[in-house]
Amino acid sequence: MAAAALSLSLSLAGRTALVTGAATGIGRAIALVFAQAGAAVVLNHLGRSEQAGALVQEIHSLGGQAWALEADVSQSADVSRLAAQVQQACGGLDVLVNNAGILQEKPFLQTTEADWDQMLGVDLKSVFLTSRAFLPAMLARQGGVIINIASDLALLGRAQFAPYCAAKAGVIGLTRSLAREFAPQIRINAIAPGPVATAMVSLEAMSQSAIDKELDIPQHRLAEPQEIAATALFLASDLSRFYCGQVLGPNGGSVMP
Ligand SMILES: NC(=O)c1ccc[n+]([C@@H]2O[C@H](COP(=O)([O-])OP(=O)(O)OC[C@H]3O[C@@H](n4cnc5c(N)ncnc54)[C@H](O)[C@@H]3O)[C@@H](O)[C@H]2O)c1
């Protein structure tokens with residue numbers, strides 16, 4: 001069957017997008033660029049009402065539509081509530097970006113079961129929960145896009161970061177499985193960024209030696225969050241309509257598959 005002519009546009013006008021963990025870092029940049037491209041944006045956050053509220057105001061001042069909704073995306077009840085609120089506020093969803101994440105640096109033999117459960121809960125189970133919650137409404141509208149934020153560390157592995165790497169590798173497996181199960185109606189892809197200048201790559205979250213390893217890549221620098229948001233905009237737009245189950249790598253050369 002021949003496809004319709006391709007519109008060479010990054011416009012998201014008329015679409016509604018939900019970005020999880022949107023109050024800071026990469027999620028914030030994705031929400032802002034989506035709003036600039038014309039989407040109405042739902043900003044999920046956890047305990048960051050002030051930052052999420054400021055972003056809503058910024059989007060309103062650009063003439064866009066935005067809502068901030070708090071939910072812990074690792075908790076099934078919170079995600080069900082979020083799905084109901086999104087349906088009520090926006091009447092449905094066109095684009096879901098699973099961005100919320102946490103990271104912990106710890107020697108593997110000191111890693112507790114609670115560490116593992118928390119990491120896998122936020123970084124992997126959340127993607128299962130949101131996908132399960134939002135896919136039925138997307139299927140009813142016969143279209144939608146899901147973008148999952150993985151990491152280059154899923155492909156590289158990294159000493160002292162085993163649960164994070166395992167969770168992000170799980171995100172890639174989930175992306176590919178759901179892409180196969182829900183194509184062609186729903187397009188599901190992942191982004192595996194290299195190191196990005198956010199709170200996650202800072203001395204608060206990582207040792208200096210871990211940051212040095214992050215910087216040991218051909219481009220020798222951290223990405224700006226906007227450089228990852230640009231890939232998300234491409235994946236959300238019609239320009240990427242033949243992408244299915246792919247893992248795009250804005251990573252400064254850390255991984256060259
Ligand atoms: N910064 C990097 O170098 C890098 C590289 C590869 C992938 N990533 C991934 O990008 C995503 C965004 O990270 P970032 O670098 O912007 O860091 P960040 O810490 O600024 O952003 C993570 C956001 O997720 C939110 N969050 C955490 N747990 C949550 C929960 N249970 N429910 C809802 N929100 C929750 C946090 O409040 C925060 O706003 C993460 O998935 C991260 O693993 C980051």
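**Figure 1. Seven strands form an open sheet with parallel pairing.** In this predicted model, the order of the strands across the sheet is 3-2-1-4-5-6-7. The edges are occupied by strand 3 (66-70) and strand 7 (247-248), each of which has a single partner strand, so one side of each is left without a neighbour in the sheet. Strand 1 (residues 16-19) and strand 4 (residues 95-98) run parallel and are joined by three bridges. Within this pair, alanine 17 of the chain stands opposite valine 95 in strand 4.

**Figure 2. Helix 4 and helix 6 pack on the sheet.** Helix 4 lies across strand 4, strand 5 (144-149) and strand 6 (186-191). The direction of helix 4 is at about 180 degrees to that of strand 4. Helix 6 touches strand 5, strand 6 and strand 7, and its direction makes about 165 degrees with that of strand 6.

**Figure 3. Helix 4 and helix 6 meet in a right-handed crossing.** Two packed helices are described by the angle between their axes and the distance between the axes. For helix 4 (residues 113-140) and helix 6 (residues 162-182), the axes come within 9 Å and cross at roughly 15 degrees. Because angles under 35 degrees count as roughly parallel, helix 4 is roughly parallel to helix 6. On the side of helix 4, the contact is made by Asp115, Trp116, Met119, Leu120, Asp123, Leu124, Val127, Phe128, Ser131 and Leu135. Helix 6 contributes Pro163, Tyr164, Ala167, Lys168, Gly170, Val171, Leu174, Leu178 and Phe182. By class, the residues of this contact comprise 14 nonpolar, two polar and three charged.

**Figure 4. Helix 3 packs against helix 4 with a right-handed crossing.** The axes of helix 3 (residues 76-90) and helix 4 are 9 Å apart, and the packing angle is about 30 degrees. Helix 3 and helix 4 are therefore roughly parallel to each other. In helix 3, Ser76, Val79, Ser80, Ala83 and Gln87 take part in the contact. Their counterparts in helix 4 are Leu129, Thr130, Ala133, Phe134 and Ala137. Six nonpolar and four polar residues make up this contact, with no charged residues.

**Figure 5. Helix 1 and helix 8 cross in the right-handed sense.** Helix 1 (25-36) packs with helix 8 (residues 225-236) at an angle of about 50 degrees, their axes being 8 Å apart. This angle makes helix 1 oblique to helix 8. Gly25, Ile26, Arg28, Ala29, Ile30, Val33 and Phe34 form the contribution of helix 1 to the contact. From helix 8 come Pro225, Gln226, Ile228, Ala229, Ala232, Leu233 and Ala236. The contact of helix 1 with helix 8 divides into eleven nonpolar residues, two polar residues and one charged residue.

**Figure 6. A shell of 29 residues lies around the ligand.** Of these residues, Gly21, Gly25, Ala100, Gly101 and Thr198 come nearest to the ligand. Two elements, helix 1 (25-36) and strand 2 (40-45), each give two or more residues to the shell. Helix 1 gives the most, with three residues. By class, the shell contains 15 nonpolar, twelve polar and two charged residues.

**Figure 7. Two loops contain backbone geometries of note: a cis peptide bond and a positive phi.** Most residues other than glycine have a negative phi, and most peptide bonds are trans. The peptide bond from alanine 183 to proline 184, however, is cis, with omega near 5 degrees. Proline 184 is found in the loop between helix 6 and strand 6. Glutamine 142, although not a glycine, has a positive phi of about 60 degrees. The location of glutamine 142 is the loop between helix 4 and strand 5.

Definitions and conventions
Residues are numbered from 1 along each chain as its sequence is written. This is a predicted model: local features need pLDDT of at least 70, side-chain atom pairs count only at pLDDT 80 or more; totals for chains, interfaces and linings use all residues. A residue is near a molecule or strand if its C-beta atom, placed from the backbone, lies within 6 Å of it. Helices (H or I, at least four residues) and strands (E, at least two) are DSSP runs, numbered from the N terminus. Ala, Val, Leu, Ile, Met, Phe, Trp, Tyr, Cys and Pro count as nonpolar, Asp, Glu, Lys and Arg as charged, and the others, Gly among them, as polar. Axes are lines fitted to C-alpha atoms, for helices over the stretch in contact, and angles run from 0 to 180 degrees between N-to-C directions. Angles under 35 degrees count as roughly parallel, over 145 as roughly antiparallel, 65 to 115 as roughly perpendicular and the rest as oblique. A crossing is left-handed if the near helix is turned anticlockwise from the far one by less than a right angle, and right-handed if clockwise. Two residues are in contact if their C-beta atoms, placed from the backbone, lie within 7 Å. Two strands pair if DSSP finds at least two bridges between them.
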